[in-house]
Amino acid sequence: MRRLGLHQRQHAKPAGGGGGGVKGMIGRLLIAVVVVLICTISFIVTSTSNGGARSGSRSKMSLGELWRSADSVGWRPSSAPRSDWPPPPSETNGYLRVRCNGGLNQQRTAICNAVLAARIMNATLVLPELDANSFWHDDSGFRGIYDVEHFMKSLRYDVKIVEKMPEIRKNGKTKKIKAVQLRPPRDAPISWYTTDALVKMKEHGAIYLTPFSHRLAEEIDNPEYQRLRCRVNYHALRFKTNIMKLSQSIVDKLRAQGHFMSIHLRFEMDMLAFAGCFDIFNSKEQEILKKYRKENFAPKKLVYKERRAIGKCPLTPEEVGLILRAMGFNNSTRIYLAAGDLFGGERFMKPFWALFPHLENHSSVDPSDELAENTQGLLGSAVDYMVCLLSDIFMPTYDGPSNFANNLLGHRLYYGFRTTIRPDRKALAPMFIDREKGRTVGFEETVRQAMFKTNLGGPHKRIPPESFYTNSWPECFCQTSPQNPAHKCPPDNVLEILDSS
């Protein structure tokens with residue numbers, strides 16, 4: 001900008017003659033055009049570097065664009081190491097056992113954290129235990145859900161893994177090494193693992209961390225550690241062959257008739273009780289929700305009208321249907337529903353069915369005995385996860401504390417910036433409230449504008465409270481022609497390089 005000012009001063013002439021005035025004016029216009037061009041280019045570059053693909057600036061978009069993946073803006077997924085990453089040494093500091101509690105996706109993030117914790121402590125990881133009691137009452141275990149051999153082979157350059165605690169012989173008797181039990185702080189920093197946990201491990205030979213849900217900080221200022229999490233989540237954790245085949249069979253049947261979208265319809269008792277959104281239910285249903293909230297969540301005064309006005313309530317099935325219709329989807333759209341038992345039953349689903357009659361779930365598409373016997377367990381959740389991952393469009397209706405939705409958002413981003421529709425409940429709430437009061441003029445247009453201001457699956461900056469597991473950009477992505485050397489893609493033969501080292 002200083003050069004432009006100097007150029008302008010050198011060519012300035014007194015406005016005495018008509019020709020000089022015209023020339024001066026043309027010069028000033030040319031300078032103005034250059035300035036505008038520079039600012040425009042700068043804005044575009046900044047937007048691109050912040051990952052603003054297909055978000056924020058459009059009020060209209062064709063359905064054809066939505067059915068395609070979002071613009072990658074030159075980024076592609078890559079979780080391979082980009083700096084010196086020595087393989088685990090033959091001798092470690094001891095054994096690490098963890099018990100992963102919660103549902104399938106809470107356990108999934110815990111497994112990723114367990115691998116990273118083992119790397120941080122130079123520990124041998126014992127195959128993580130999946131809690132059978134606290135959520136699903138399903139005792140499938142790690143081996144019943146995941147491909148153990150693939151898991152161990154994929155992480156051979158990262159951590160040492162054994163399937164069970166080894167036995168030792170002492171005083172003529174054979175017995176397993178006993179791990180001392182520790183309770184990690186929630187979102188514990190790396191320093192806790194390199195001090196408190198490591199001291200106990202060296203002292204006893206093994207530690208047992210339980211419970212192990214959200215026990216390692218998500219935001220870590222070490223890109224290689226974050227990339228290890230992605231290697232676990234998106235490469236090492238592969239469901240067993242029967243789950244993969246079952247999921248692919250459902251996807252093939254759905255896609256045989258064209259595009260399909262998946263919706264995680266989170267209109268279930270636990271989430272409604274958590275949100276404190278009771279007033280739309282009858283007195284008996286309200287009693288059930290209040291009882292569940294009292295038994296499972298901390299006491300808190302929640303006023304429904306206030307919660308609803310700021311978008312804290314899960315969207316009703318009808319509201320989901322109205323959003324999709326406003327975006328241009330018609331009643332021929334095929335929708336796969338990933339949901340548990342919807343609270344309130346058919347009276348809440350009827351308006352949705354009226355708008356979108358082609359609704360399916362894993363039982364209706366593939367009524368196999370295997371699924372019929374375990375629709376509410378880890379198997380049913382795993383199949384839902386894979387179908388939602390592979391669908392053309394995914395829409396979570398309540399992605400606040402939902403591990404299923406948040407993990408899928410991150411996985412679909414990594415899987416190739418696949419389109420996701422994330423309703424901005426706070427922006428939409430006043431529109432739905434106005435509609436209920438009879439103010440329907442312009443309803444669809446305002447909903448459409450609000451929806452096309454949201455990110456639809458492209459790379460974008462992670463802003464708290466967005467989780468790393470929801471958005472691992474930029475740590476787990478790279479560019480073939482980067483402006484920043486840190487974003488350069490590693491060589492394609494990175495595994496060969498690690499193998500040789």
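## Strand pairing and the open sheet

Two strands are taken to pair if DSSP finds at least two bridges between them. On that basis, four strands of this predicted model form an open sheet with the order 12-11-10-13, and the pairing is parallel. Strand 12 (359–360) and strand 13 occupy the edges with a single partner strand each, so one side of each has no neighbour in the sheet.

Strand 10 is joined to strand 11 (residues 335–338) by four bridges, and the two run parallel. Strand 10 is also joined to strand 13 (residues 393–396) by four bridges, again in the parallel sense. H264 takes part on both sides: its bridge partner in strand 11 is A338, and its bridge partner in strand 13 is P396. I263 stands opposite M395 in strand 13.

## Side-chain directions in strand 10

In a regular strand, side chains alternate between the two faces of the sheet. Strand 10 (residues 261–264) has M261 and I263 pointing one way, with S262 and H264 pointing the other way. All four of these residues are buried.

## Strand 9 and its partners

Strand 9 (residues 206–209) directs A206 and Y208 one way and I207 and L209 the other way. Each of these residues is buried.

Strand 9 pairs with strand 2 (residues 95–100) in the parallel sense over four bridges; within this pairing, L209 of strand 9 is the bridge partner of V98. Strand 9 also runs parallel to strand 8, to which three bridges join it. Here I207 of strand 9 is the bridge partner of V180.

## Positive surface patch

A patch of positive charge on the surface is formed by K170, K173, K175 and K178. Of this group, K178 is found in the loop between strand 7 (173–176) and strand 8 (180–182). K178 has a relative accessible area of 75% and is therefore exposed, the cut-off for that class being over 50%.

## Salt bridges

The whole structure contains 21 salt bridges. One of them joins the side chains of E149 and R143, at 3.4 Å from N to O. E149 is partly exposed, with a relative accessible area of 48%, and R143 is likewise partly exposed, at 38% relative accessibility. R143 and E149 are linked with E163 in a network of salt bridges.

Where do E295 and K291 lie with respect to each other in helix 11? They are four residues apart in helix 11 (residues 283–296), and therefore separated by about one helical turn. E295 and K291 form a salt bridge whose closest N and O atoms are 2.8 Å apart, and both residues are exposed.

Another salt bridge brings together the side chains of R325 and E444, at 3.1 Å from N to O. R325 lies in helix 13 (residues 317–327) and E444 in helix 20 (residues 443–451), so this pair ties together parts that are 119 residues apart in sequence. R325 is partly exposed, with a relative accessible area of 38%, and E444 is also partly exposed, with a relative accessible area of 31%.

Technical notes. Residues numbered from 1 in each chain as written. Predicted model: local features only at pLDDT ≥ 70, side-chain atom pairs only at ≥ 80, totals over all residues. Heavy atoms only, no water. Patch = residues over 30% accessible without salt bridge, like charges linked within 9 Å, V, L, I, M, F, W, Y side chains within 5 Å. Areas by Shrake-Rupley, 256 points an atom, 1.4 Å probe, with all protein chains shown as cover. Salt bridge = Lys/Arg side-chain N within 4 Å of Asp/Glu carboxyl O. Lys, Arg positive; Asp, Glu negative; His and termini not counted. Charge placed at Lys NZ, Arg CZ, Asp CG, Glu CD. Buried < 20%, exposed > 50% of the residue type's maximum accessible area, 1.4 Å probe, protein only.
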